[in-house]
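Colleague: I would like to learn how to read a model of this kind, taking one feature at a time. Could we look at it together?

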Amino acid sequence: MAEHSEQWDVFCRVVDNFGDVGVSWRLARLLAQEQGKRVRLWLDDPGVLARMRPEVDLRAESQSLEGVDVRRMRESFTRDDVADVVVETFGCDPPEAYVLAMAAREPRPRWINLEYLSAEEWIEGSHALPSPHPRLPLTKHYFFPGFTRRTGGLLREADLIARREAFQEEPGAQAAFWTSLVGVVPPGGALKVSLFTYDAAPVAPLVEACAALEMPVWIIAPAGFAAQTLEASGEHRDAERCGDVEAFVVPFLPQDRYDELLWACDVNFVRGEDSFVRAQWAARPFVWHIYPQAEGAHRVKLAAFLARYTAGLGSKGAANVVALWEAWNRGAEGAEDPAALGAAWERFIDERQALGAHARAWSETLQMQPELAAALVKFADNLLK
Ligand code: TRH
């Protein structure tokens with residue numbers, strides 16, 4: 001990395017789960033590998049990154065990973081530590097001492113807050129807005145990911161689509177993937193479903209709904225809530241079979257390998273933010289378990305994305321997607337309705353060819369929009385003008 005290239009600091013504090021780190025790591029890697037920046041990723045809990053990147057050394061205060069300088073968050077900083085550009089993810093607030101050092105640095109660093117992803121309309125009006133610091137001579141800018149040109153776009157590695165296409169067009173690559181993951185390849189015509197959910201997702205009713213389909217079904221759940229439910233209900237591979245359904249509980253996968261699971265499956269159940277976006281790049285039908293928020297604030301977000309995502313679908317297809325997503329999310333909020341979920345799942349699967357074509361078209365539409373890391377660098381450059 002050229003010594004004179006810009007120094008970027010990316011700060012990430014873990015609220016819960018994996019997404020904060022999943023997104024921050026993906027951004028840091030893109031800034032280093034594709035945007036030529038010197039990048040330090042400051043994490044308050046490197047242990048979460050280690051779940052997605054097993055090679056992370058938990059004892060190290062700092063370590064280099066794919067060109068990123070991964071650092072354990074600390075509290076003491078001087079102005080010489082401050083980067084040219086400071087990215088705070090999800091409003092995580094860099095350490096107080098770092099913010100004071102930013103104010104003392106000449107020239108002042110550019111300070112950008114990477115917000116949570118949402119499909120809501122208001123995002124476009126708030127994207128890139130400045131916010132002067134109440135006390136210090138600093139201005140923070142808000143950068144919103146999104147699904148339209150008037151937002152910051154989505155994270156996407158330059159070779160992602162080409163790698164996905166090669167994998168999805170190569171039966172040998174998929175067979176090798178399955179053999180390495182579960183020791184066997186799926187029977188011909190099997191419907192392959194991946195499960196990554198929050199707590200209380202209606203997994204058992206989904207398994208029953210799969211058993212009602214006249215086809216072999218493979219359910220693959222990386223370690224987590226869905227996996228625990230499958231194991232608890234004994235629908236685990238070597239315990240018993242449920243109709244023509246086989247359920248596989250697999251270890252939590254390295255982040256890039258999780259992409260392959262999404263590419264190899266016919267339908268993906270995902271959650272949060274990063275897996276939600278990766279499911280869209282996988283160009284396969286998917287179901288989103290949105291991160292539940294107080295007062296049901298997440299329902300507005302879910303509806304906003306469904307309106308955008310189903311816009312290109314006929315009314316029947318759109319109704320089927322909405323029905324399944326709502327039955328899945330409502331089920332997790334205690335309003336479990338196995339019959340409604342079963343019926344919605346059956347219709348969704350009947351439509352899967354059309355939904356597959358739609359998923360590809362949606363992925364192509366998103367590819368036409370700005371890639372977030374590139375847009376963020378362009379935005380930071382413009383702040384100098
Ligand atoms: O873990 P999440 O629920 O994260 C959430 C969301 O980000 C949410 O927006 C945020 O408010 C909340 O955290 C605090 O879901 P998400 O965003 O999909 O992140 C999961 C990460 O885990 C993603 O980077 C993919 C990765 N992953 C693996 O690396 N291996 C796996 O086996 C699986 C299932 C996921």
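**Reading the model feature by feature**

Modeller: Let us begin with a single residue, A283, which sits in the loop between α10 and β13. Please keep in mind throughout that this is a predicted model.

Colleague: What is the phi of A283, and is A283 buried or exposed?

Modeller: Its phi is near 55°, a positive value in a residue other than glycine. A283 counts as buried because its relative accessible area is 2%, and buried means under 20%. A283 also belongs to the lining of the second largest pocket, together with D266, R284, P285, R352, Q353, G356, A357 and R360. That pocket holds about 190 Å³ of space, and by class its lining has three nonpolar, two polar and four charged residues.

Colleague: Where is D93, and how does its backbone read?

Modeller: D93 is placed in the loop between β5 and α3, and its phi, near 60°, is again a positive value in a residue other than glycine. With a relative accessible area of 44%, D93 is partly exposed, because that value falls between the 20% limit for buried and the 50% limit for exposed.

Colleague: What should I look for in the helix that follows that loop, and what lies beyond it?

Modeller: For a helix, one asks which residues are buried and what covers them. In α3, which spans residues 96-104, the buried ones are Y98, V99, A101, M102 and A103, and their cover includes β1, β5 and β6. In the loop between α3 and β6 one finds P107, which is joined to E106 by a cis peptide bond with omega of about -10°.

Colleague: How would the same reading go for α11?

Modeller: Helix α11, residues 297-309, has 13 residues and reaches 19 Å from its first C-alpha to its last, close to the 18 Å expected at 1.5 Å a residue. Its buried residues are H298, L302, A304, F305, L306 and Y309, and these pack against α10, β13, α12 and α14.

Colleague: Which residues touch the most other members of the largest nonpolar core?

Modeller: That core has 113 residues, and the ones touching the most other members are W178, L195, F305 and W345. Its largest share, eight residues, comes from α1. Apart from this core lies another, of 16 residues, which includes W42, M102, A103 and L138; M102 and A103 are also among the buried residues of α3. As for F305, if its neighbours within four places in sequence are left aside, the residues in contact with it are A119, F147, F276, Q280, F286, W288, W325 and W362.

Colleague: How does one find the empty space inside such a model, and how many cavities are there?

Modeller: Rolling a probe the size of a water molecule over the atoms shows where empty space is left. Here a search of the whole structure finds four cavities of 30 Å³ or more. The largest holds about 100 Å³ of space, and of the 13 residues that line it, V23, L154, L155, E273 and V277 are the closest to its centre. Two elements, α1 and α10, give two or more residues to that lining, with α10 giving the most, three residues. Divided by class, the lining has eight nonpolar, one polar and four charged residues.

Colleague: What lines the second largest cavity?

Modeller: The second largest cavity, with a volume of about 50 Å³, is lined by P285, F286, Y309, L313, V321, W325, F348, L355 and H358. At least two residues of the lining come from each of α12 and α14, and the classes are eight nonpolar, one polar and no charged residues.

Colleague: Which residues are closest to the centre of the largest pocket?

Modeller: The largest pocket has a volume of about 620 Å³, and of its 33 lining residues, G19, Y198, G272, E273 and D274 are the closest to the centre. The lining draws at least two residues from each of α1, α9 and α10, and its largest share, five residues, comes from α1. By class, the lining divides into 17 nonpolar, eight polar and eight charged residues.

Colleague: Which residues does N17 touch?

Modeller: N17, in the loop between β1 and α1, touches V48, Y198, R271 and Y291, not counting residues up to four places away in sequence. N17 is partly exposed, with a relative accessible area of 27%.

Definitions and conventions: Residues are numbered from 1 along each chain as its sequence is written. This is a predicted model: local features need pLDDT of at least 70, side-chain atom pairs count only at pLDDT 80 or more; totals for chains, interfaces and linings use all residues. Side-chain values use heavy atoms; hydrogens and water are left out. On a 1 Å grid over the protein atoms alone, a cavity is a set of points where a 1.4 Å probe fits but cannot get out, and a pocket is an open set with protein on both sides within 12 Å along at least five of seven lines; lining residues have an atom within 4 Å of a point. Grid points are joined across faces, edges and corners, and a volume is the space filled by probe spheres set on the points. Helices (H or I, at least four residues) and strands (E, at least two) are DSSP runs, numbered from the N terminus. Ala, Val, Leu, Ile, Met, Phe, Trp, Tyr, Cys and Pro count as nonpolar, Asp, Glu, Lys and Arg as charged, and the others, Gly among them, as polar. The expected span of a helix is 1.5 Å times one less than its number of residues. Buried means under 20% relative accessible area, exposed over 50%, partly exposed in between (1.4 Å probe, protein chains only). Contact means heavy atoms within 4.5 Å. A nonpolar core is a set of buried Ala, Val, Leu, Ile, Met, Phe, Trp, Tyr and Cys residues joined through side-chain atoms within 4.5 Å.
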